[in-house]
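Have the structure open beside you and take this as a quick guided walk. We'll go element by element, starting with a helix and ending with the cores.

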Amino acid sequence: MVMKYVQRLGRSLMLPVAVLPAAAILMGIGYWIDPEGWGSGNALAAFFIKSGESIIGNIPILFAVGVALGMAKQRDGSAALSGLVAYLVTKTLLSSDTVAMLQGIDVAAVDPAFGKIENAFVGILSGIIASICYNRFHHVKLPDALAFFSGKRLVPIMTATSMIVISGLLFFLWPPLYGGLVSFGEAIAKLGAFGAGLYGFFNRLLIPTGLHHALNSVFWFDVAGINDIGNFWSGNGELGVTGMYQAGYFPIMMFGLPAAALAMYHTAKSNKKKTAASLLLAAAFASFFTGVTEPIEFAFMFLAPALYLVHALLTGISLFIASTFHWTAGFGFSAGLIDFILSSQLPLANQPYMLLVQGLVFAVIYYFLFRYLIVKFDLKTPGREDDEETEGIVTAPGKDKFAAMAAQIYEGLGGDANVVSVDNCITRLRVEVKDMKAVDQQKIKATGVPGIKEVGPQSIQVVVGTNVQFVADEIAKLRNQ
């Protein structure tokens, strides 16, 4: 049950994740044009960087809206709006400025944890709470005096109220979590190459929560006297040592993850490869070129969490190997091709070409290990989800046929008297009914759909095909009449 919920969460993230590769590439192009000024010295670079940053910099908002929309029983605009409301409430209540007012102290004295409250974890949490509120309150009828706020208008109100309570809990829980990770980072920094490996493992493991920023600050910046990024680029450090907390990421981001994406593409169901390719191959290029890995990682971290754990372990191993052999390179943006070329000429870059050799080895490991695990354990990576079986899919050529199909399917489901809710994934209608006995499966099959699947005493799925959205839209019109 929990795994199905997590995988459903992963599918909900596909909509916002699909936007990220283009944004990453835009930022990478801008950074390539002006790597030192980040656009301050070149208007064209600034245009590209800010265009991509408008998306990458707002990942939490994208996740809040996408998760709320995907996890709600009906893909309704009020659910998406509630996701945005939930995130804005938390972001505002736990901002450094607000916390300073609540505590009656200067902003500079506020716990630094609150400076990192705008993260993917809060975005996903906001979307989940919004979807729960939608599913619970979208049909509630209030007394006549408050009737204006009934139904879907009630959802964002209840969502905001819920997030006030959750923000109150995070007010006390977030700082110790953040501070604990900083202390943990300071401890493992004393372990040399093994510590670098541990750091790489936990860095990836914490990506979904946003707490990786706490860990990164210990190693990359001057929190505990390491300042790995600053020292590497300024040349103020030790050859083969400074850069050890950056170098091991290059084999992963330039080679490992793109190879993993290729493995996921090759193991996708044959009639879903095009859909998988549109996400995975673009994400792979973004990872290789710019070092932005979120498009790939969020594509499978919830759909196949065990596979993401393997990825975290391999990342740790990569940092350990690079640190052990003192191969170093650095990044100002992320560990992609752009930063590799720029940093490989710096004084503290030590045998950076060996990171490419290491990367080729990791590409082979990632590809074959991911492919084996996906097939062996039937992991639900993009293109392999149960909701995306597409054998014999009917591709209807025109809108009239969609309307006719929808009318007959809806009638077969029992119409208004029996249908509670209708949702759709990539290829299926997912329907909740009051009485399964009232469903006429023969009438539904007569429309030419490839199949029908009962998934519970009151849940049924109708396999339509890649045109399912158009059928779902027509059914929505029938339900609103």
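## A helix with two sides

Let's begin with helix 4, whose buried residues are Ala45, Ile49 and Gly52. Those three cover an arc of only 75 degrees around the axis, so they sit on the same side of helix 4. Turn to the other side of helix 4 and you'll find Ala43 and Phe47, which are exposed. One thing to keep in mind as you look around: this is a predicted model.

Helix 4 takes in residues 43-56. What caps its N-terminal end? That job falls to Asn42, with a side-chain oxygen 2.9 Å from the backbone nitrogen of Leu44.

## A second helix, and an arginine on it

Now jump to helix 21, residues 468-480. Its buried residues are Val468, Val471, Ala472, Glu474 and Ile475. They too can be placed on the same side of their helix, because the arc they cover around the axis of helix 21 is only 160 degrees.

The lengths of helix 4 and helix 21 can be checked at 1.5 Å a residue, and here is how that works out:

| Helix | Residues | Number of residues | Expected span | Distance between end C-alpha atoms |
|---|---|---|---|---|
| Helix 4 | 43-56 | 14 residues | 20 Å | 20 Å |
| Helix 21 | 468-480 | 13 residues | 18 Å | 18 Å |

For helix 4, the expected and actual spans agree. The two values agree for helix 21 as well.

Helix 21 is also home to Arg479. Is Arg479 buried or partly exposed? Its relative accessibility is 26%, so it counts as partly exposed. Leaving out residues up to four places away in sequence, Arg479 touches Gln74, Tyr410, Asp416, Val419, Val420, Ser421 and Val422. With Val419 there is a polar contact too: the side chain of Arg479 reaches the backbone oxygen of Val419 at 3.5 Å. Along the sequence, Arg479 and Phe137 are 342 residues apart, yet from C-alpha to C-alpha they are 19 Å apart in space.

## Following the strands

Val419 leads us nicely to the strands. Strand 1 covers residues 419-424 and pairs with strand 2 in the antiparallel sense, over five bridges. Two pairs of residues show how they line up: Val419 stands opposite Val433 in strand 2, and Ser421 has Glu432 as its bridge partner there.

Strand 2 has another neighbor to pair with. Strand 4, residues 459-463, runs antiparallel to strand 2, again over five bridges. Look at Glu432 once more, and you'll see Ser459 of strand 4 opposite it.

Which strand comes next? Strand 3, residues 451-456, pairs with strand 4, also antiparallel and over five bridges. Here Glu454 has Ile460 as its bridge partner in strand 4. A hairpin of two residues joins strand 3 to strand 4.

How many residues of strand 1 are buried? Five of the six are, so strand 1 is largely enclosed by the rest of the structure. The story repeats for strand 2, residues 428-433: five of its six residues are buried, so the rest of the structure largely encloses that strand too.

## Two loop residues to look for

A couple of loops hold backbone angles worth pausing at. Asn227 lies in the loop between helix 11 (212-220) and helix 12 (228-234). Though not a glycine, Asn227 has a positive phi of about 50 degrees.

The other is His326, in the loop between helix 16 (305-324) and helix 17 (337-343). Its phi is positive as well, near 60 degrees, and His326 isn't a glycine either. With a relative accessible area of 39%, His326 is partly exposed.

## Into the cores

In soluble globular proteins, nonpolar side chains tend to be buried together. In this model, the largest nonpolar core has 103 residues, and those touching the most other members are Tyr199, Phe219, Phe298, Tyr366 and Phe370. Apart from that core lies another, of 23 residues, which includes Ala406, Val422, Val431 and Ile460.

Which residues does Tyr366 touch? Setting aside residues up to four places away in sequence, its contacts are Ile252, Gly256, Leu257, Ala259, Ala260, His311, Leu314, Thr315 and Arg371.

Some names in the core of 23 residues may ring a bell. Val422 is among the contacts of Arg479, while Ile460 is the bridge partner of Glu454.

Methods. Residues numbered from 1 in each chain as written. Predicted model: local features only at pLDDT ≥ 70, side-chain atom pairs only at ≥ 80, totals over all residues. Heavy atoms only, no water. Buried < 20%, exposed > 50% of the residue type's maximum accessible area, 1.4 Å probe, protein only. Helix = DSSP H or I, 4+ residues; strand = E, 2+ residues; numbered from the N terminus. Pairing = 2+ DSSP bridges. Core = buried A, V, L, I, M, F, W, Y, C linked by side-chain atoms within 4.5 Å. Contact = heavy atoms within 4.5 Å. Expected span 1.5 Å × (residues − 1). Arc of directions from axis to C-beta. Polar contact = N/O pair within 3.5 Å; in protein donor to acceptor, adjacent residues only side chain to side chain.
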